[in-house]
Amino acid sequence: MIRPVFVLFTLSSALSAATIDFSRDIQPILSDKCYFCHGPDAKERKGDLRLDVEKDAKAVKDGVTAIRPGNSHESSLIERILSTDPDEVMPTPKSNRTLTAAQKQLLKQWIDEGAKWGTHWAFKPIERPKVPNVGAKHPIDAFVRAKLAEKGMQPAPKAAAVALLRRVSLDLTGLPPTADELKDEYAKTVERLLDSPRFGERWAWDWLDAARYADTNGYQGDPERTMWPWRDWVVKALNENMPYDQFTIWQLAGDLLPNMTPEQNLATGFNRNHMINGEGGRIAEETRVENVMDRVETTSTVWLGLTMGCTKCHDHKFDPLTMRDYYGLYDVFNQTSEDGLGRSGQAAPALDLATADEKARFEAANAAFRAVVKDINEYETTRFGKPPGEERTKVPLVAGYPGKLTQFLGRQAPDKRSADNLLECIAQLTKLNDKDYADRLQRLLNTLKARTTAQGNVTKVMVMDTLPKARETFVLEKGAYDKASTTKVSFNVPASLPPMKSDAPRNRLGLAEWIVNRDNPLTARVTVNRFWQAFFGVGLVKTAEDFGLQGEEPPQRELLDWLASEFIDSGWDVKALMRLIVTSETYQQSSKIADAQVDPENRYLARGPRFRMPSWMLRDQALFVAGLLQDKLGGPAVKPYQPEGIWEEATFGKKSYVQDHGDALYRRTLYIFWRRIVGPTMLFDNSARQTCVIKATRTNTPLQALVTLNDVTYVEAARVLAQRVLLANRGNEDAALAQAFRLVTCREPSKAEAALLKAQLGKLRAQQSDQAAAVKLLAVGESKRDESINAIEHATWTSLCLMLLNLDEAVTKE
């Protein structure tokens, strides 16, 4: 019986020594354990008790109060959480929620000390904290060192120069440095990387994940779209360091700016990147409503870090967000002319960016189609005739055809027949041995497909617009498109956040300006946190997608607020923020772990970042070190190597993958064609680009090696890398080994590593004696092989280079 008393005594002493903060210490407990039944959602609220609002939680009802400040003994909340009666204890046993002894004691102490209330940290105004005076020259380091001192921890030493140059190069451009670039000093390297065109390509990737960008609509059929000019605009905007507030306004409301330019209109493609459900039998209004909801939830996640999707059907169970808040935002996105009818990837409204060649190809394909339509019309009129005032189905010859054939040929004009219907007609006519007619319809089908392809290849980017007459918006019961309630709403921002200015336009432009207004407590915090996440592997707020009450309170809250304030004061300068981060000693620390038991997730930043690189970066790196990567900015998506049959299986044979050749095979992964229902096969741990994702999943399983050891791109990269070092170091095996290792890892091998490499090369030589097998390996990939290199020797070195590309050091940013 002594241990519990000792534990409570120790805990009580520790708590007494610390100041209890409502936002940090109390609200997370109430949110996680109590709000589900006693929170914002009135429909779920039990016992008419609300604990998320101070006046309700402290209200006296029938002589009873849940929280009586200064007196835990007269607070029913304490009585219920300490009860041992299963019918009285809270949380109830059936809720599967429990409070620890420490949490109960903390609530009790908080009430006894006056139950001082507060606002959730993320909803408080952003105030610039004072930089701690701990002797650090850099503000980031000052905040981090102060926290480390508080925890009794020490920062790690600076990373080795080569490791640091590799780290910052991968972070800022997504590619490793060259041998010459490794000779530059760090500060000069940072400026060169920030100015590199590769900067925009690297950082566009994260934005495309958030914007759910792809080259097709998704769903059955998965029709293609031509949104790539928007993707190129993102790269350009990032390279030009467009201020983030302007970057935001253009994408949310560029079409509403005075004297709108085509580029501003193009930027609004952000909110047309969503999937489009054009499946047969689909109700257009259902599709349209789902698209509007997608825009609400994507915008709220990307800029506000709020889980607004939870309020589509009911008030939020944890955050101060209501259904009315949801549909207030819904209304502003409900005013576009999109009708939900479009099955193509160019559903109106769309910005026509067709080139002269694209227009000419479509006109030629259309002319060929019209010519065949004319021929079919003349043929069918001659063969069948048509009774005056009646359908052709009444003609005996037509009526005698079996089943659907009569309906298709008798009621549909040739230019109205679909590809599927034509296929059925051709199959039936072939069975009837009507070859002449079947051949004519086959020509019609061929020209129809050619016209459809040419039309799809005419570049049009789906964008936003505004209806001339406002569409009314009503709260939808349970979020169902056809269950409009009688509650009419108009655009407004969530009531729990700072209001819009009274003179702000009540449209998407007003929303965008409110999002980037300094008074908004979320946008700068959410954005800075996401950039930090990209550099360190985890954000200052671990729950980057949720800054609400169920999200994490950052252990480095003062640092986050200082960075958010600095970001705004800099004019929302993205490159300045990144320069600030990578020039800190915190970023430049060694990533070696001194004690894995102390802060294993590195939340207090006592060491540098170390984590597995994303699959897109691994592919780009393999092409780069082999010398294959093509440095070309922008343009239509490319189709590199992919196993046969993937598209066919996913689309029931309706889509076939036609691989590109030449330089297109070696473009950066950013430019690879992304089919929504089955993404690029060489990628793992990436979002499916079906919904907004701002925190990529990171795993480390042996299954990934099935790609990095066997995919054509990696095998070819290893072959070309082997050729590169063999030709550069003819007759000098040690030098070739050292160069191969250096190209992959950016450093020289140690003596022990050089010996291991040499031994491994010997083992591979012993295993690689089959000429035919060597030739087969060297045939992987389309790049030309230098035949002056002995095939078996080249194959041996290819295997060695493939091993190097799969080293832990090679696939890890550290």
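## A buried threonine to start with

A residue counts as buried when its relative accessible area is under 20%. Threonine 299 has a relative accessible area of 4%, so it is buried. Keep in mind that what you are looking at is a predicted model.

Threonine 299 sits in helix H14. A polar atom of its side chain lies 2.8 Å from the backbone oxygen of arginine 295. Leaving out residues up to four places away in sequence, threonine 299 touches Leu252, Asn271, Leu304, Phe333 and Ile515.

## The helix around it

H14 takes in residues 284-304, which makes 21 residues. At 1.5 Å a residue, those should span 30 Å, and the C-alpha atoms at the two ends are indeed 30 Å apart, so the expected and modelled spans agree.

Threonine 299 has plenty of buried company here: 17 of the 21 residues of H14 are buried, so the helix is mostly covered. Just after H14 comes glycine 305, with a positive phi of about 65°.

## Zooming out

Now for the whole protein. It has 814 residues, and 52% of them count as buried. There are 33 helices and eight strands. Taken along the principal axes, the C-alpha atoms fill a box of roughly 100 × 85 × 55 Å.

How do the contacts spread along the sequence? Among contacts between residues at least 6 apart in sequence, 70% join residues at least 24 apart.

## Two pairs of packed helices

Two packed helices are described by the angle between their axes and the distance between the axes. Take helix H12 (residues 244-253) and helix H21 (residues 508-515): they pack at an angle of about 155°, with axes 9 Å apart. That angle makes H12 roughly antiparallel to H21. Their crossing is right-handed. On the H12 side, the residues that meet H21 are Thr248, Ile249, Leu252 and Ala253. Their partners in H21 are Arg508, Leu509, Ala512, Glu513 and Ile515. Two of these names have come up before, as Leu252 and Ile515 are among the residues that threonine 299 touches.

The second pair is helix H22 (residues 523-536) with helix H24 (residues 574-582), packed at about 45° with their axes 11 Å apart. H22 and H24 are therefore oblique to each other. The crossing of H22 and H24 is right-handed. H22 brings Val528, Phe531, Trp532, Phe535 and Phe536 to the contact, while H24 supplies Val574, Leu577, Met578, Ile581 and Val582.

## Aspartate 209

Is aspartate 209 buried or exposed? Its relative accessibility is 7%, so aspartate 209 counts as buried. You'll find it in helix H10, which covers residues 197-210.

The side chain of aspartate 209 makes a polar contact of 3.3 Å with the side chain of asparagine 686. Setting aside neighbours within four places in sequence, aspartate 209 is in contact with Asn686, Ser687, Arg689, Thr691, Cys692 and Val693.

## Isoleucine 792

Last stop: isoleucine 792, in helix H33 (residues 791-805). With a relative accessible area of 21%, isoleucine 792 is partly exposed. The cut-off for buried is under 20%, so that value does not meet it.

Beyond its neighbours within four places in sequence, isoleucine 792 is in contact with Gln768, Ser769, Gln771 and Ala774. How far is it from glycine 135? The two are 657 residues apart along the chain, and their C-alpha atoms are separated by 60 Å.

Note on methods:
Residues are numbered from 1 along each chain as its sequence is written. This is a predicted model: local features need pLDDT of at least 70, side-chain atom pairs count only at pLDDT 80 or more; totals for chains, interfaces and linings use all residues. Side-chain values use heavy atoms; hydrogens and water are left out. Helices (H or I, at least four residues) and strands (E, at least two) are DSSP runs, numbered from the N terminus. Buried means under 20% relative accessible area, exposed over 50%, partly exposed in between (1.4 Å probe, protein chains only). Contact means heavy atoms within 4.5 Å. A polar contact is a pair of N or O atoms within 3.5 Å; within protein, one must be able to donate a hydrogen and the other to accept it, and residues adjacent in sequence count only if both atoms are side-chain atoms. The expected span of a helix is 1.5 Å times one less than its number of residues. Axes are lines fitted to C-alpha atoms, for helices over the stretch in contact, and angles run from 0 to 180 degrees between N-to-C directions. Angles under 35 degrees count as roughly parallel, over 145 as roughly antiparallel, 65 to 115 as roughly perpendicular and the rest as oblique. A crossing is left-handed if the near helix is turned anticlockwise from the far one by less than a right angle, and right-handed if clockwise.
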